[in-house]
Amino acid sequence: MSRPIRAVIHLSALRHNLAVARNMMPDSQLLAVVKANAYGHGIERVYDAFKQADGFALLDIAEAKRIRALGWQGKILLLEGLFSATDLKDCAALDLSFTIHSQYQIDWLKQFQGNAQFDVFLKMNSGMNRLGFTADSYGAAWHSINHLACVQSITHMTHFSDADGERFGEQGIRYQQEVFEATVKDLPGQRSISNSAAILRYSAQLHSDYIRSGIMLYGSSPDYPTHNIQDWQLEPSMSLRSQIIAVQQVQATQSVGYGSRFIAEQPLKIGIVACGYADGYQRTSPTGTPVLVDSVRTQIVGRVSMDMLAVDLSNIPDADVGSEVVLWGKSSQGVVLPIDEVAASSDTVGYELMCAVTLRVPFEIES
C-alpha cells in the first residue's frame, strides 16, 4: 500500500463556485483564473469544471499552451502580458489576449511585424503599485497603442489593492475606482476591474465587462476572517486527506515532536499522521491548528516534521491506525474544515497552502 496522503479535487465544488461568481455579476464576461497551475489544483484537472467560463486568465505562454491543448478555443488572457518581444509570435499563433503594463511592452508591440490583431488589456496602477501606468501616464499609453495596426481592441484594466480589506474610503477601493473612472471616461473600450474580492463584496457598485474570478473558485474566502466560505456560499475544491499511522500514549510532562515545543499537562492519546512539510503542509503551523480525525475536529500538537505531524485524539476515543485525517477541505463524510482556518493558524492565506502541495502527494479527482 502506498503512503495514505492524497489531495482530492472536487469538480462539483469547482462548478458550484464558478456558478456563484457568475450569479454575482451575470452581465459580465467571466474569466476563470488558472495561474499557478490552477492555484495548485492542476490546470488539466480543473478544465472540465471551468469550461462554462467565458475565458481563462493565466500567467504565461506555457500555461496558455496547456489550455489550448485541452481543446479550448475561446479567450485566454495573459495577466502579466509579454515577457519578451518574441512572446508576440506565440500570442499570434495561440490567439492570446495580453496585458500591457509597461512602456517596454508597448515598444515591443510597436515593433511587431506580423499580420495578427491583438485584444490588449491596458493596465492602470490605481494604488497597488505593482504593475500598470499611473493615472497621469495612462492616457498617453492608450493613445500610443490605439493607432497600431496590430491592436484590435483595448480593454481598460486595474487591480484594486483593498477590495479584500476595510479601506473603502480615502485611498481605498472607492477612491481607486473614482480615479480609474475619471482616467478612462473619455477613452472607448471595455473594463476589467473585478477580482474575487471585488466580485463578492462590491458587485452592486462596480461595472466590470470582464471579471477575473480567482481564489473564490477554489473555495477560499478572499477576505477571511471578515467573511468565511459559508458566508459567500462557496465550497472547498481541494481536500488534503491522510490517515493515522501510529498512536502514542503520552503522559503528563512528556513532550511531543522536535524541540519539545509541546509538553503534555495530562495524559494524552496522540495520533501520528502521514503528512509533513515535505508534502506542503506549513512547518510553522503551531499547536492548536485545526484538523479533522474521523470527521471530528481536533488539533495538531508539537512541531510539524518533514513527513509526519501529531494530533490530539483525547476527544476521539475510537480513533486508531487507519482513521481518516483531513488537513483541510472536506472529509469523506462531508464535514468541512475550511482551508482559511488552517492557513490563519500559520499567519498565511489559503492561496499559499493550495499552491504549496508538493509533487510527492498523489491527486485524485472526485466528480
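This is a short tour of a predicted model, stop by stop. Residues are numbered from 1 along each chain as its sequence is written, and side-chain values use heavy atoms, with hydrogens and water left out. Because the model is predicted, local features need pLDDT of at least 70 and side-chain atom pairs count only at pLDDT 80 or more, while totals for chains, interfaces and linings use all residues.

**Stop 1: L11**

Select L11, which sits in helix 1 (residues 11–24). Helices here are DSSP runs of H or I with at least four residues, numbered from the N terminus. L11 has 9% relative accessibility, so it counts as buried (buried is under 20% relative accessible area, exposed over 50%, partly exposed in between, with a 1.4 Å probe and protein chains only). Now show what L11 touches: R45, A49, I365, E366 and S367, leaving aside residues up to four places away in sequence. Contact means heavy atoms within 4.5 Å. For a longer view, add M124: the two C-alpha atoms of L11 and M124 are 35 Å apart, with these positions 113 residues apart in sequence numbering.

**Stop 2: helix 3 against helix 4**

Next, pick residues 43–50 (helix 3) and 61–69 (helix 4), whose axes lie 10 Å apart at an angle of about 55°. Axes are lines fitted to C-alpha atoms over the stretch in contact, and angles run from 0 to 180 degrees between N-to-C directions. Helix 3 and helix 4 are therefore oblique to each other (under 35 degrees is roughly parallel, over 145 roughly antiparallel, 65 to 115 roughly perpendicular, the rest oblique). Show side chains and you'll find I43, E44 and Y47 of helix 3 meeting E63, R66 and I67 of helix 4. By class, that's three nonpolar, no polar and three charged residues.

**Stop 3: helix 4 against helix 5**

Keep helix 4 and add helix 5 (residues 87–94): their axes come within 11 Å and cross at roughly 15°. That makes helix 4 and helix 5 roughly parallel to each other. On the helix 4 side, select I61, K65 and R68; on the helix 5 side, D87, D90, C91 and L94.

**Stop 4: the cysteines**

Stay on C91, which is buried at 0% relative accessibility. How many disulfides does the structure hold? Zero, where a disulfide is a pair of cysteine sulfur atoms within 2.5 Å. The closest cysteine sulfur to that of C91 is in C150, 11 Å away and too far for a bond. C355 is in no disulfide either, with the nearest cysteine sulfur, in C275, 16 Å away. C355 is partly exposed, at 39% relative accessibility.

Terms used:
Helix = DSSP H or I, 4+ residues; strand = E, 2+ residues; numbered from the N terminus. Nonpolar A, V, L, I, M, F, W, Y, C, P; charged D, E, K, R; others polar.
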